[in-house]
Amino acid sequence: MDIKKQPAKSTDWLYLLFWAIIPLIYIRTIIDYSLTPRQLFTGFFVVLAVFFSWKTLFKNSSLGAPVLLYAGFIGVMLIASSGAVNPVESYAVLSRYGLMLAYLMLTISLLQNRMLSLQYLVKGVVIFAGLASVFTLVEVFKAIGSGDFLMNIYAVSATFSHKNLLSSVLLLSIPFAWMGSAILTQKWKGASLFLLFVLITEIFILRTRGVWISFFIASLVTGVVYFLLGKKFRNSLPLNRRRIGLGAGIAVLLLVAFFSASGTKSSLSDSSNLSKRMVFWEHSLEMVKEHPLLGVGPGNWKIYFPKYGLLGTDVSVKQGITHIQRPHNDYLWVLAEGGPLSLLFYLGVFAVAFIRLRKNLKQEGVTREDKVIDLALLFGLIAYMVFSLTDFPMERMSHNLLLFTLLALVYRNPLSIRKLSGLAVAKAVVLVLALFSIVVSGYRWQGEKNALLVLQGNASRNAQVMINTVPKAINPFFNMDNFANPLRYYSSIGYLVTEDDDNSWLDAQVAYDLHPNNIIVLNQMGNVLKKRRELDMALKYYKRATDISPSFETARLNKAEILLNKRQYADAMAELIWINIESENRKFVQLLALVLPKFLEESQRNGRFTDIANGIRAQQPQTPPEYINAYRVTRRNLKRNS
């Protein structure tokens with residue numbers, strides 16, 4: 001590509017401003033501060049960019065295989081959505097995929113038509129990365145000043161919602177800082193080079209293992225490719241040994257410093273996160289076995305995940321406080337939600353990009369700057385693919401934009417200039433995809449704003465707020481909160497509190513239809529049926545909840561209460577055994593006091609739980625507190641002797 005300085009065009013400034021503003025889009029009136037607002041902002045940007053480039057857009061373009069492959073990926077996902085339990089979640093995901101296709105088509109065309117200057121695009125991302133790094137430094141210094149840096153480093157997220165997501169954004173910004181240090185004007189070169197060192201330093205400070213591994217593998221692959229390209233290539237692009245030495249020295253110092261710090265070594269070697277993710281991956285494969293052709297539908301992985309059990313997850317997940325949203329592996333995510341063909345198309349996008357990069361790097365007569373750009377692109381794509389093995393960058397807008405900008409730059413120089421047939425169709429596709437994304441993300445933004453009020457009403461036990469706000473939060477593109485709980489679940493609680501059993505049951509059924517594997521929804525179904533005195537049916541829903549999460553205390557207690565009323569004392573005891581013996585939960589304590597005397601009588605007849613019964617009898621309890629204490633002592637002794 002010719003890197004000569006040219007007068008800036010409106011699209012140049014548009015891209016630069018877009019990238020400079022993206023990290024500032026962070027809205028605190030919704031739960032996920034950045035995802036939906038950035039999608040909405042990107043949709044408006046694409047429409048505006050099409051407007052400013054309408055006359056020349058796609059005139060002399062060769063969009064290439066990645067556009068067709070990604071379009072094929074979306075097509076398969078669209079078909080897969082027809083079998084989704086909750087199609088509304090599918091629309092949300094498809095709108096994001098479609099927007100990225102529109103951005104890719106637009107950016108490739110503008111680069112190839114010289115309507116978008118490489119310098120301005122790189123400057124924009126450098127500004128984006130610079131702002132992200134500054135926000136990071138501010139929060140890192142706060143963590144240092146807190147007196148417990150290792151603990152508070154987990155709160156560092158800048159405007160990217162989570163430390164790991166921030167760290168991966170910094171990683172994906174490295175190729176652009178590298179490009180900036182090679183192709184921009186002198187002041188920008190210096191700033192880009194300084195930013196490059198800052199980004200690498202911050203990545204080490206943030207201590208995200210997946211990002212560290214991705215950085216090292218991407219660096220290794222890029223270095224190997226550099227040497228394999230031959231002596232002629234290396235002579236045309238000699239290594240700056242001073243800079244490499246300085247960077248390696250900083251990396252070594254940081255590694256030594258971190259591994260010397262108290263607690264760092266143990267936290268980095270902690271395998272608990274990996275064991276939890278193994279559960280996510282195993283459940284993903286179960287989904288594939290059950291739905292081998294088209295998967296469970298885009299956006300529906302989180303709905304199917306609990307079906308295969310919650311053993312091995314966090315306590316908060318087992319108790320229904322939080323819910324697993326993603327498998328932390330984008331490839332398994334694609335396979336589970338869209339089937340093998342969708343994964344083939346998705347991986348194909350990367351495969352053809354690497355093939356094209358190989359052609360670019362082997363091409364004769366290219367400039368030194370082009371060689372640096374292609375090596376930087378290779379680094380970025382490898383880093384993205386490796387990080388995708390243990391996290392979920394494909395969900396986040398900033399990560400998607402960085403990825404698809406890398407892909408567009410791979411195709412910045414068309415191998416052959418030709419007029420694209422169907423110009424009007426291509427423009428219409430970009431506009432329709434962008435407008436669809438705007439509509440969906442606009443609806444979801446409004447839904448999330450009201451869902452936050454619903455959650456606040458639930459936290460304050462305000463039934464009327466839940467009843468009144470849930471209908472405002474639900475719309476054609478939003479029916480579950482950000483934690484995978486159907487909104488009708490909350491209004492069902494509200495109606496039950498206000499003694500409106502009929503509406504409570506109707507809303508509970510709607511919630512169940514949207515997420516039939518959600519343990520708190522199943523528990524609510526049981527609660528409504530219990531209130532309606534349909535006790536056997538209530539027990540079935542409670543049992544389904546405890547089959548999914550055996551240690552789900554709320555459902556266990558509800559089952560024990562019904563079994564007590566049915567005078568099935570040993571069965572009630574079987575439920576209470578699952579509860580932590582030290583729990584001071586009021587309902588647990590009350591049920592223990594009522595069940596234990598009757599359980600001891602029944603145990604003499606049927607011989608169930610004789611070890612517990614004998615241990616309690618040996619202490620000769622007389623009063624409810626004595627029974628409870630005897631139970632706890634017995635359980636502790638049995639645990640100690642086991």
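In the predicted model, aspartate 374 is buried, and arginine 412 is likewise buried. These two residues form a salt bridge in which the closest N and O atoms are 3.0 Å apart. Aspartate 374 belongs to helix 17, whereas arginine 412 is located in the loop between helix 18 and helix 19, so the pair ties together parts that are 38 residues apart in sequence. This pair belongs to a structure that holds 26 salt bridges.

Helix 17 also packs against helix 16, which spans residues 330–362. The angle between helix 16 and helix 17 is about 165°, and their axes are 11 Å apart. The two helices are therefore roughly antiparallel to each other, and helix 16 passes helix 17 in a left-handed crossing. On the side of helix 16, the residues that meet helix 17 include Asp330, Tyr331, Tyr346, Leu347, Phe350 and Phe354. Among their counterparts in helix 17 are Lys371, Asp374, Leu375, Leu378, Leu381 and Met385. Asp374 thus takes part in the contact with helix 16 and in the salt bridge with arginine 412.

The loop that follows helix 17 and leads to helix 18 contains aspartate 391. Aspartate 391 is buried yet lacks a salt bridge. The nearest side chain of opposite charge is that of arginine 277, at 4.2 Å; the pair falls outside the salt-bridge criterion because the nitrogen and the carboxyl oxygen must lie within 4 Å. When neighbours within four places in sequence are left aside, aspartate 391 is in contact with Asn164, Arg277, His328, Asn329 and Asp330. Asp330 is also one of the helix 16 residues that meet helix 17. Elsewhere, Asp32, Arg326, Glu395 and Arg396 are linked in a network of salt bridges.

A further helix pair is formed by helix 2 (residues 35–52) and helix 19, which pack at an angle of about 150° with their axes 8 Å apart. That angle makes helix 2 roughly antiparallel to helix 19. Helix 2 passes helix 19 in a left-handed crossing. The contributing residues of helix 2 include Thr36, Leu40, Gly43, Phe44, Val47 and Val50. In helix 19, those met by helix 2 include Leu431, Ala434, Leu435, Ile438, Gly442 and Trp445.

Helix 19 is also among the elements covering the buried residues of helix 21, together with helix 20, helix 22 and helix 23. Of the 11 residues of helix 21 (residues 487–497), 9 are buried, so the helix is largely enclosed by the rest of the structure. The buried residues are Leu487, Tyr489, Tyr490, Ser491, Ser492, Ile493, Gly494, Tyr495 and Leu496. Just after helix 21, glutamate 499 adopts a positive phi of about 70°.

Helix 23 (residues 519–531) packs in turn with helix 25 (residues 553–565), at an angle of about 25° and with the axes 10 Å apart. Helix 23 and helix 25 are therefore roughly parallel to each other, and their crossing is left-handed. Asn523, Asn527 and Lys530 of helix 23 make the contact with Thr554, Ala555, Asn558, Glu561 and Ile562 of helix 25. Lysine 566 is placed in the loop between helix 25 and helix 26. With a relative accessible area of 31%, lysine 566 is partly exposed. Apart from neighbours within four places in sequence, lysine 566 is in contact with Asp536 and Leu539. The C-alpha atoms of lysine 566 and glycine 494 are separated by 28 Å, the two residues being 72 residues apart along the chain.

Two further salt bridges were examined. Within helix 24 (residues 535–548), lysine 543 and aspartate 547 are 4 residues apart, about one turn of the helix. Their side chains meet in a salt bridge of 3.0 Å, N to O. Both residues are partly exposed, lysine 543 at 44% relative accessibility and aspartate 547 at 48%.

Glutamate 584 forms a salt bridge with arginine 632, the closest N and O atoms being 3.5 Å apart. Glutamate 584 is in the loop between helix 26 and helix 27, and arginine 632 is in helix 29 (residues 624–641), so this pair ties together parts that are 48 residues apart in sequence. Glutamate 584 is exposed, with a relative accessible area of 60%, whereas arginine 632 counts as buried at 11% relative accessibility.

Terms used. Residues are numbered from 1 along each chain as its sequence is written. This is a predicted model: local features need pLDDT of at least 70, side-chain atom pairs count only at pLDDT 80 or more; totals for chains, interfaces and linings use all residues. Side-chain values use heavy atoms; hydrogens and water are left out. Buried means under 20% relative accessible area, exposed over 50%, partly exposed in between (1.4 Å probe, protein chains only). Lys and Arg count as positive and Asp and Glu as negative; His and the chain ends are not counted. Contact means heavy atoms within 4.5 Å. Axes are lines fitted to C-alpha atoms, for helices over the stretch in contact, and angles run from 0 to 180 degrees between N-to-C directions. Angles under 35 degrees count as roughly parallel, over 145 as roughly antiparallel, 65 to 115 as roughly perpendicular and the rest as oblique. A crossing is left-handed if the near helix is turned anticlockwise from the far one by less than a right angle, and right-handed if clockwise.
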